[in-house]
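Here is a protein model to read with some care, asking at each step what a given term rests on.

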Amino acid sequence: SQQIDVEKTKKLPPDALVGKQLGGYRLEQKIGQGGMGAVYLAEQVSLHRKVALKVLSEKFVKDSTFVDQFLNEARAAGALNHPNVVQVYDVGEAGGNYYFSMEFVADGSIEEKLRDGGDYSWQEALNWFLDATNALVFAQRREILHRDVKPDNLMLAEDGSAKLCDLGLAKRSENKDLMSQGIIGTPHFISPEAIRQKSDIDHRTDLYSLGCTFYRILSGQNAYPGKTVKEILVGHLKSPVPRVNDHNKDVPKSLDEIVFTLMQKDPDDRFQTADELLVALDKVRTQHGLEAHGIAPKSRKPIIAIAAIAILAAVGIGIWAANQETGTTIVNVEDPGLRDKNKILERIQGYKDQTTAALEEYLEVRDEADKLDIRRQPKLYATYKNRVDDLTKPYDAFATKWEGSLGEWAEKRKGEVE
C-alpha cells in the first residue's frame with residue numbers, strides 16, 4: 001500500500017467535510033485549496049485505497065453548464081493513462097457536492113516545493129522538465145489542451161518523477177480578474193494568445209506555459225513579476241523574454257536556450273511540437289552524461305535497438321524488395337555513374353548483408369524488449385526518436401535518389417547487368 005507522509009501534505013484548517021463520507025470516499029484531511037475547489041486526502045472505502053479527492057467549490061456548482069461539462073470531461077479523463085499524468089479514477093455527486101477522485105501523489109506539487117524553499121538541482125529540474133514534456137506529448141497526440149500548465153499542476157511522485165494533473169478536465173481561471181474576462185489560465189504562466197483569447201489556440205499555448213513554469217523552477221522567480229494582474233499580463237504581451245542564466249549561472253546555456261525558445265511571444269517562434277522539445281531536452285541530458293530517473297542504463301539499449309533496427313530493417317528490406325521486383329539493381333547513391341558489373345553486384349550483396357544483420361540483431365533483443373514492454377515506455381521511445389532518424393538518413397537519401405534520376409539511370413544500365 002502507498003505510504004502517506006502527512007508532514008509533506010499542505011497544512012490547512014479543517015472544514016465541515018473532513019471526517020465525513022462523500023460517495024464511496026471517507027475524507028481524512030484537507031490538503032489543498034484552489035479557485036475551483038478543495039482537495040482532500042481520502043480513502044476509497046471499497047478498495048482501501050488512498051486517493052486525492054477534488055470537490056468543486058459552490059460557485060461552480062451553481063453553474064449547471066459547467067457542471068455538465070466537468071462531469072463529462074472527468075469521465076473522459078479517466079480513460080487517459082500515462083506514467084507522467086495523474087490518473088483520474090472516478091467522478092460523481094453526493095449531497096450536492098460534485099467531486100472526482102484521482103491518484104494521490106504523496107510528495108505534493110512542485111509549487112509547494114518552491115514555496116517551502118525545497119532544495120533541488122538543475123539536473124533534478126531537467127528530469128521534471130522531461131516528464132512534463134512527455135505528458136504534453138501524450139496530450140498533443142490525443143489533441144487535448146491543458147491550458148493551465150504551472151508548478152501547482154505538476155506533482156512529485158515518490159520516485160522523483162513529475163506528473164501533470166488535471167489533464168482533459170474542464171477549467172475556469174482561479175483568478176477573479178481573468179475569470180471576469182472569460183480567460184482560462186494563471187497570470188504568471190498564461191500565453192499571449194490565451195490572454196488575447198485567440199480562436200486558433202493550439203498545443204503551443206501549453207508549451208509556452210511550460211516554459212514559464214521551468215523559468216520559475218530554474219531561475220527562482222516568475223518571468224514577468226508585477227504588483228497587479230494587469231502588469232503581469234502586459235509583461236507576457238510586451239516585455240522582452242528574460243533569460244534563466246541572468247539569475248542562475250549554473251544552468252547550462254543549452255537549457256537556458258530551450259526555456260527562452262518556449263517563451264517566445266509568437267507561437268511560430270517556439271518549439272512547434274512537444275516531440276521537438278523532448279528531443280532538445282534529451283540532448284541536454286546526454287551532453288551532460290545524466291541518466292533519466294528510474295531508468296537503468298541496461299534497460300535503455302534494447303529499446304533503442306528495437307526502434308532503430310526495426311526501422312532500418314524495414315527500410316532496407318523495402319528498397320531491396322522493390323529492386324528485386326523491378327529487376328533493377330542497387331548502386332551507390334554517391335556514385336550513379338558506376339558501370340562495373342561486379343562492383344554493382346558486390347554492393348547489392350552488401351545491402352542484403354546489412355539487412356540480414358539488422359534482422360538478426362532485432363531478433364536477439366526482441367525478447368528482452370518484450371520484458372520491458374515498449375508500450376509502457378513512451379518516454380524512451382520518443383526520447384530516442386531523433387537518434388533513429390539520424391540512423392535512417394542514409395537509407396532515406398538512397399530511396400529518394402533511387403526514385404528519381406538514379407532509378408532512370410539504373411533502368412538504362414539494366415541490360416548491362418545480369
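A crossing is left-handed if the near helix is turned anticlockwise from the far one by less than a right angle. The model discussed here is a predicted one.

Q: What makes the crossing of α7 and α9 one that is described by a hand, and which hand is it?
A: Seen with one helix in front of the other, an anticlockwise turn of the near helix by less than a right angle is the criterion for a left-handed crossing, and α7 passes α9 in just such a left-handed crossing. The contact behind this crossing is made on one side by Leu207, Tyr208, Gly211, Tyr215 and Leu218 of α7, and on the other by Leu255, Val259 and Leu262 of α9.

Q: Why are α7 and α9 called oblique to each other?
A: Helix α7, residues 204-219, and helix α9, residues 253-262, pack at an angle of about 140 degrees, with 8 Å between their axes. Over 145 degrees would count as roughly antiparallel and 65 to 115 as roughly perpendicular, and because the angle falls in neither range, α7 and α9 are oblique to each other.

Q: How do you know what classes of residue make up the contact of α7 with α9?
A: Leucine, valine and tyrosine count as nonpolar, whereas glycine is placed among the polar residues. By these classes, the contact of α7 with α9 has seven nonpolar residues, one polar residue and no charged ones.

Q: Which residues of α9 are called buried, and what covers them?
A: A residue is called buried if its relative accessible area is under 20%, and in α9 this applies to Leu255, Asp256, Ile258, Val259, Thr261 and Leu262. The cover over these buried residues of α9 includes α4, α7 and α10.

Q: Why is α4 described as roughly antiparallel to α10?
A: The axes of helix α4, residues 122-141, and helix α10, residues 274-287, come within 9 Å and cross at roughly 160 degrees. Because angles over 145 degrees count as roughly antiparallel, that value makes α4 roughly antiparallel to α10. The hand of this crossing, in which α4 passes α10, is left-handed.

Q: What makes up the contact between α4 and α10?
A: From α4 the contributors include Trp122, Leu126, Phe129 and Arg141, and from α10 they include Ala274, Asp275, Leu281 and Arg285. Sorted by class, the residues of the contact of α4 with α10 are eleven nonpolar, three polar and four charged.

Q: Why is Ser109 called buried?
A: With a relative accessible area of 2%, set against a limit of under 20%, Ser109 counts as buried. Ser109 lies in the loop between β6 and α3, and, leaving aside its neighbours within four places in sequence, Ser109 is in contact with Pro151, Asp152, Leu154 and Met155.

Q: What makes the phi of Asp166 and of Gln197 worth a remark?
A: Most residues other than glycine have a negative phi. Asp166, however, has a positive phi near 65 degrees, and Gln197 has a positive phi of about 55 degrees although it is not a glycine.

Q: Are Asp166 and Gln197 buried or partly exposed, and how do you know?
A: Asp166, in the loop between β8 and α5, has a relative accessible area of 10% and is therefore buried. Gln197, in the loop between α6 and α7, has a value of 44%; partly exposed covers the values between 20% and 50%, so Gln197 is partly exposed.

Q: Why does Arg147 count as partly exposed, and what does Arg147 touch?
A: Arg147, found in the loop between α4 and β7, has a relative accessibility of 31% and so counts as partly exposed. Leaving aside its neighbours within four places in sequence, Arg147 is in contact with Ile184, Gly185, Ile201 and Asp206. The C-alpha atoms of Arg147 and Ser209 are 8.1 Å apart in space, while the two residues are 62 residues apart in sequence.

Q: How do you know that Gly185 is buried?
A: Gly185, which lies in the loop between α5 and α6, has a relative accessible area of 5% and is therefore buried. Its C-alpha atom is separated by 8.5 Å from that of Ile195, ten residues apart along the chain.

How values were computed
Residues numbered from 1 in each chain as written. Predicted model: local features only at pLDDT ≥ 70, side-chain atom pairs only at ≥ 80, totals over all residues. Heavy atoms only, no water. Axes fitted to C-alpha atoms, helices over the stretch in contact; angles between N-to-C directions. Helix = DSSP H or I, 4+ residues; strand = E, 2+ residues; numbered from the N terminus. Parallel < 35°, antiparallel > 145°, perpendicular 65-115°, else oblique. Contact = heavy atoms within 4.5 Å. Buried < 20%, exposed > 50% of the residue type's maximum accessible area, 1.4 Å probe, protein only.
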